[in-house]
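Hi everyone, thanks for coming. I'd like to walk you through one structure today, so please have a look at the screen while I talk.

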2 protein chains.
Amino acid sequence: MINRLLLIGIGLIGGSLSLALKQAGKVNEVVGFSRQAETRQQALALGIIDKAVDNIAEAMQDVDMVVLAVPMGAMADTLMAIGPYVTADMVITDAGSAKGQVVAAAKLALGEHFKHFVPGHPIAGTEKSGPRAAFASLYQDHRVVLTPTEQTDRKALEQVHNMWTAAGAIVSTMDVMHHDRLLAATSHLPHILAFNLVAMLAQDDDVDEVLRYAAGGFKDFSRIASSNPVMWRDICLSNRDAILDLLTQYQQQMNLLQQAIQQQDGDHLMAVFERAKQARDSRFNDPSLIDNSEV
Amino acid sequence: MINRLLLIGIGLIGGSLSLALKQAGKVNEVVGFSRQAETRQQALALGIIDKAVDNIAEAMQDVDMVVLAVPMGAMADTLMAIGPYVTADMVITDAGSAKGQVVAAAKLALGEHFKHFVPGHPIAGTEKSGPRAAFASLYQDHRVVLTPTEQTDRKALEQVHNMWTAAGAIVSTMDVMHHDRLLAATSHLPHILAFNLVAMLAQDDDVDEVLRYAAGGFKDFSRIASSNPVMWRDICLSNRDAILDLLTQYQQQMNLLQQAIQQQDGDHLMAVFERAKQARDSRFNDPSLIDNSEV
């Protein structure tokens with residue numbers, strides 16, 4: 001049971017956590033900090049928070065658990081802002097989608113209290129944002145990854161683990177760098193590849209026609225290119241090293257594929273395509289949604 | 001009304017066309033040619049064809065319309081096989097997904113009768129293949145592109161146009177090269193990008209973990225990497241030039257994006273991501289399916 005939880009950032013991510021914990025009866029009071037009056041009012045009206053605060057010093061008073069649910073681009077500043085008010089009996093965690101830079105910023109901002117910071121990443125979301133988008137079941141059966149460092153207090157880790165479990169999530173822990181590489185591979189790289197293709201086609205003289213003939217395969221492939229540009233800029237900047245490593249690897253393999261097309265090397269093409277199909281089919285069993293035509 | 005239609009290849013594509021034309025009452029008799037006895041028997045039993053033939057000379061007797069619905073890799077050989085039996089009163093069309101090479105092969109194989117060949121591409125399909133996968137409404141509201149050359153007989157073009165319209169399709173005509181570039185952009189390139197990523201991840205030591213953490217965004221993006229490897233090898237080989245042109249363009253733009261990440265150039269990232277989002281949102285209005293989280 002958390003006595004007083006402070007949400008810094010009361011949007012889809014923070015708001016849904018609060019609603020889930022309230023529904024599970026695992027929190028007594030939720031205080032919400034936001035700079036925007038409208039956000040505070042909405043969150044109060046929706047029962048997401050019990051008390052709204054627009055001042056960090058006041059917000060940090062007597063809280064047991066602080067959850068940083070601000071955009072990645074605001075994470076370092078937010079950590080610096082709370083730094084002076086952190087006490088030994090608080091646990092701090094965040095919901096940022098790349099962990100290396102957040103951990104570095106937390107080390108800098110929290111000093112001796114860094115050990116009470118538990119880096120976290122709930123792998124969940126919808127296309128909407130803001131308190132109105134929040135709902136209690138967002139984390140149900142979704143993964144939350146915690147990336148404690150060697151200095152992280154075991155009790156603090158346990159409390160954050162319990163909090164997310166109470167919210168319905170499947171919680172696991174892994175190394176910071178491992179997390180960032182894993183997410184670069186499964187999420188950041190696909191987004192960059194899709195953004196790059198759609199942005200390229202958007203510059204085509206025949207863009208209207210191109211999009212008119214784009215069918216189901218393109219629609220699925222490019223769905224993630226409709227994602228929030230600010231969020232993705234921040235993720236690219238925050239997880240730079242892991243993304244660049246994988247992009248380099250991707251392009252090396254693409255060069256081989258391009259060469260195979262050039263040289264009409266059907267065997268190489270078959271080997272790559274079969275390896276891909278086999279790996280994907282082993283993970284996702286949704287044949288009815290797969291379109292083997294070229295549409 | 002087509003009096004006698006010959007299907008060469010009785011799978012999803014050819015079979016569905018036959019069923020649609022029969023349902024619309026636009027064909028008197030459908031003859032089916034396949035080398036495989038099982039395919040012929042199934043097609044007969046399912047009412048897709050009225051007569052099954054395993055000999056090209058016999059199959060070509062007294063037909064008005066010949067539809068080549070064989071895999072891309074078999075198109076050139078099939079054209080060579082029918083060449084000697086084509087007469088001036090026949091119309092020939094195909095269903096291949098890249099047109100440049102088919103047109104070149106048809107020119108070679110059909111000689112003086114090349115003018116009666118109408119290159120076509122129904123942009124439709126499912127994950128299944130074979131006669132059992134065929135259904136009458138496959139082409140309903142799907143696009144069919146015809147790519148006549150300067151030599152194509154206007155009456156032949158009209159007949160093929162009418163046939164696909166009768167099958168429920170939205171038919172348009174465009175230049176061969178234009179078609180191949182358009183399909184490379186909207187279909188072939190996305191498939192190659194997705195195949196390449198999944199094939200790369202499949203070689204990762206942590207492939208099982210990577211796929212375990214892959215969420216909705218990855219699932220949609222990579223769906224097309226479950227497509228038929230043989231079909232996609234053939235498409236890559238058949239539409240080589242258009243694909244290589246666009247791949248080169250794609251990689252040039254990716255190099256700029258990579259450089260922007262390297263140099264922390266947030267403005268460049270924003271410009272690319274916003275352009276992509278705007279273009280996609282203008283075409284596909286499915287916000288409820290878009291996931292703006294990084295999952």
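Let me begin with a question: how many residues of domain 1 of chain A are in contact with domain 2 of chain A, and how many does domain 2 supply? The model is a predicted one, by the way. The answer is 12 residues from domain 1 of chain A, meeting 8 residues from domain 2 of chain A. On the domain 1 side, that set divides into 5 nonpolar, 6 polar and 1 charged. As for where the domains are, the assignment for chain A puts domain 1 at 2–174 and domain 2 at 179–289. Their C-alpha centres lie 32 Å apart.

Now a few words on chain A as a whole. There are 12 helices and 9 strands in chain A. The C-alpha trace of chain A spans about 70 × 40 × 35 Å along its principal axes. Of the 295 residues in chain A, 56% are buried. And if you take the contacts in chain A between residues at least 6 apart in sequence, 78% of them join residues at least 24 apart.

Let's go to the sheet, and I'll use chain B for this. Six strands make an open, parallel sheet in chain B, in the order β3-β2-β1-β4-β5-β6. Which strands sit at the edges? In chain B they are β3 (51–53) and β6 (117–118), each pairing on one side only. Further in, β1 (residues 2–8) and β2 (residues 27–33) of chain B run parallel and are joined by 6 bridges. If you want a place to start looking, I2(B) stands opposite V27(B) in β2(B).

Chain A has that pairing as well: 6 bridges join β1 (residues 2–8) of chain A to β2(A), again in parallel. There you can find L7(A) opposite G32(A) in β2(A). Strand β2 (residues 27–33) of chain A has 5 of its 7 residues buried, so the rest of the structure largely encloses this strand.

On to the two chains together. Chain B can be laid on chain A by a turn of 180° with a shift of 0.0 Å along the axis, and the RMSD is 0.0 Å. What kind of axis is that? It is the relation of a two-fold axis. If you are hunting for the axis on the screen, look for F221(B): its C-alpha is the nearest to the axis in chain B, at 2.0 Å.

How many residues does each chain bring to the contact? Chain B gives 88 residues and chain A gives 89 residues. On the chain B side, the helices that each supply at least two residues are α7 (176–202), α8 (207–213), α9 (216–222), α10 (229–238), α11 (240–262) and α12 (266–283). The biggest giver is α7(B), with 18 residues. By type, the chain B side divides into 50 nonpolar, 22 polar and 16 charged. And here is a neat point: 100% of the interface residues of chain B are interface residues in chain A too, so the copies meet through the same surface.

I'd like to stay with one helix, α11(B). At 1.5 Å a residue, the 23 residues of α11(B) should span 33 Å, and the end C-alpha atoms are 32 Å apart, which agrees. Which residues of α11(B) are buried? They are A242(B), I243(B), L246(B), L247(B), Y250(B), M254(B), L257(B), A260(B) and I261(B). As a reminder, an α-helix has 3.6 residues a turn, so residues three or four places apart point the same way. The buried residues of α11(B) pack against both chains: α7, α10 and α12 of chain B, together with α7 (176–202), α10 (229–238) and α11 (240–262) of chain A.

Just after α11(B) comes Q264(B), in the loop between α11 and α12 of chain B. Phi of Q264(B) is positive, near 55°, and the residue is not a glycine. Is Q264(B) buried or exposed? Exposed: it has 11 other C-beta atoms within 10 Å.

Over in chain A, D62(A) is another non-glycine residue with a positive phi, near 55°. You'll find D62(A) in the loop between α3 (56–59) and β4 (65–68) of chain A. D62(A) is exposed, with 12 other C-beta atoms within 10 Å.

That's my tour, and I'm happy to take questions.

Technical notes: Residues are numbered from 1 along each chain as its sequence is written. Chains are lettered from A and ligands numbered from 1 in the order in which they are written. This is a predicted model: local features need pLDDT of at least 70, side-chain atom pairs count only at pLDDT 80 or more; totals for chains, interfaces and linings use all residues. Domain bounds come from an automatic or database domain assignment. Two residues are in contact if their C-beta atoms, placed from the backbone, lie within 7 Å. Ala, Val, Leu, Ile, Met, Phe, Trp, Tyr, Cys and Pro count as nonpolar, Asp, Glu, Lys and Arg as charged, and the others, Gly among them, as polar. Helices (H or I, at least four residues) and strands (E, at least two) are DSSP runs, numbered from the N terminus. Copies are superposed by least squares on the C-alpha atoms of residues with pLDDT of at least 70 in both. The expected span of a helix is 1.5 Å times one less than its number of residues. A residue is buried if 20 or more other C-beta atoms lie within 10 Å of its own, exposed if 12 or fewer, and partly exposed in between; C-beta atoms are placed from the backbone. Two strands pair if DSSP finds at least two bridges between them.
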